[in-house]
Amino acid sequence: ENSLYLYRKGGNSWEDKPSLILPTSLKTPFVGDNDKVWYTGSLDGRSDTLLVSESLDMLPKPLDLGECKNIRQTYFHPDSLDPYAVLTDCGDSWEVIYLDESNKGAKWHKSMAKQFPNSLISFGWTEDGKKAFVAIRSSMNPGDFYLLNTEKKSVNYIGSSNQSLDLNLLSESKLFEFTSRDGIELQGIYSHPRNNEKDVPLIVIPHGGPKGPYDTPRYDPWVQVLNSLGYATLKVNFRSSGGYGDFLENDGDKAWGTKVIDDITDGVNWIISNKTVNKDKICVIGASFGGYATMMSLIREPELYKCGVPMMGVYDLSIMFTRDRADASRGKARYLEDYRKDVIGHGDEEHMLIHSPLNNVIKLEDPVLFIHGAEDKRVPIIHMERMQGAMDKLDKPYETLVFKDEGHGWRQEENKLEFYQ
């Protein structure tokens, strides 16, 4: 259960005993050239890097990526089963490191990188490697697409994700590193309104999940809308986030309402100390788990925030993933049972009192705007109704926006427009 077993196959049958037993912090093994075996993850669970072994029987070794360690993208070309490059997270930036500079894919990537600096470049190659669909993206570009013809050495524009968008009006999202109060190295993404050097209001946006997802400095229309209105934005990859190894992802288990929220708070305080934001005008907005984190941030840090907008959030942990109150389709019943006990904290009444927003309404001091979809099956609207009922008993003010024809997210254009307004 806690190991990765690798077996060889001879003919039509598999060997009886595994060739190698590895920790589950290694994931998605694939075979490269000359029987090399590649893995993502790490042996100690403290990074999400790329490792390689010369055969199935050998323990893999991590690639030497210098100061960089977490892999964000792996590049392949049809000429080889081995990756020719990786996009690595180097703390305050992403960098491409070439593993095989003689590979044709590496040469074309370098060529495109010269034409499109400061961009994330992706290739979709034909089987013969003669043509490729090329996507050019960044935090200021949702995507431009080109057709590369290696025989003609031509690059022809195909189209864009949003041709009406003026890229010159968009703001850049930048990575930064900070240390939590208990010594954990964490990462955040900060975006400042373009051409505005004044102290601006700050919007904190905790991501959903929380286990597995993580934020990246890619194009985000929500961030761009807020930046265009004069708000800076902050995203924090708190413990529980994926992309940094199993240690950080698991360190948020049964700590949703404490350490996870403290990580967000520590990120906010880093921004206050290092960026030009108005510390008296900070609001927190999040969806799904981000809605939960929004409420718990208001509860734990009432003096730091001036308002909160929790959307389709979990506010009563006692009914999370129960079959009569929420969508239990994420996995088998045993998985959900383990998740509720080991990750959320079901069965521990004292823990639930501390970590559930519903049980901490008395600590709320800031204005709240609830947004929810009436048809939400992942996080049913009963969470919002219970939270508001508890707030009514204590005369805690709030506003509400319910989309009657939406589920866990907004799909209708008119609803998206109303949301932004």
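This section describes the pockets and cavities of a predicted model.

The largest pocket has a volume of about 670 Å³. Its lining comprises 30 residues. Closest to the centre of this pocket are Asn118, Ser119, Leu120, Ser138 and Glu172. Six named elements each supply at least two lining residues: strand S11 (94-98), helix H1 (104-115), strand S12 (120-125), strand S13 (131-138), strand S14 (141-149) and strand S16 (173-179). Of the central residues, Leu120 falls within the range of S12, and Ser138 within that of S13. The largest share of the lining comes from S11, with 4 residues. By class, the lining of the largest pocket divides into 15 nonpolar, 9 polar and 6 charged residues.

The second largest pocket has a volume of about 480 Å³. It is lined by 26 residues. Nearest its centre lie Ile203, Leu226, Ile285, Val309 and Leu369. Both helices and strands contribute to this lining. The helices that give two or more residues are H2 (221-228) and H9 (413-420). The strands that do so are S18 (200-204), S20 (277-287), S21 (307-311), S22 (369-373) and S23 (399-403). The central residues can be placed on these elements: Ile203 lies in the range of S18, Leu226 in that of H2, Ile285 in that of S20, Val309 in that of S21 and Leu369 in that of S22. S20 gives the most to the lining, with 4 residues. The class counts for the second largest pocket are 20 nonpolar, 2 polar and 4 charged residues.

Enclosed space was also examined. The structure holds 2 cavities of 30 Å³ or more. The second largest cavity contains about 40 Å³ of space. Lining this cavity are Ser173, Ile189, Ser191, Thr216, Pro217, Arg218, Asp220, Val223, Thr233, Leu234 and Lys235. Two strands, S17 (185-191) and S19 (232-237), each supply at least two of these residues. Ile189 and Ser191 fall within the range of S17. Thr233, Leu234 and Lys235 fall within that of S19. The contribution of S19, 3 residues, is the largest share of the cavity lining. By class, the lining has 4 nonpolar, 4 polar and 3 charged residues. Its nonpolar members include Ile189 and Leu234. Arg218, Asp220 and Lys235 are its charged residues.

Definitions and conventions:
Residues are numbered from 1 along each chain as its sequence is written. This is a predicted model: local features need pLDDT of at least 70, side-chain atom pairs count only at pLDDT 80 or more; totals for chains, interfaces and linings use all residues. Side-chain values use heavy atoms; hydrogens and water are left out. On a 1 Å grid over the protein atoms alone, a cavity is a set of points where a 1.4 Å probe fits but cannot get out, and a pocket is an open set with protein on both sides within 12 Å along at least five of seven lines; lining residues have an atom within 4 Å of a point. Grid points are joined across faces, edges and corners, and a volume is the space filled by probe spheres set on the points.
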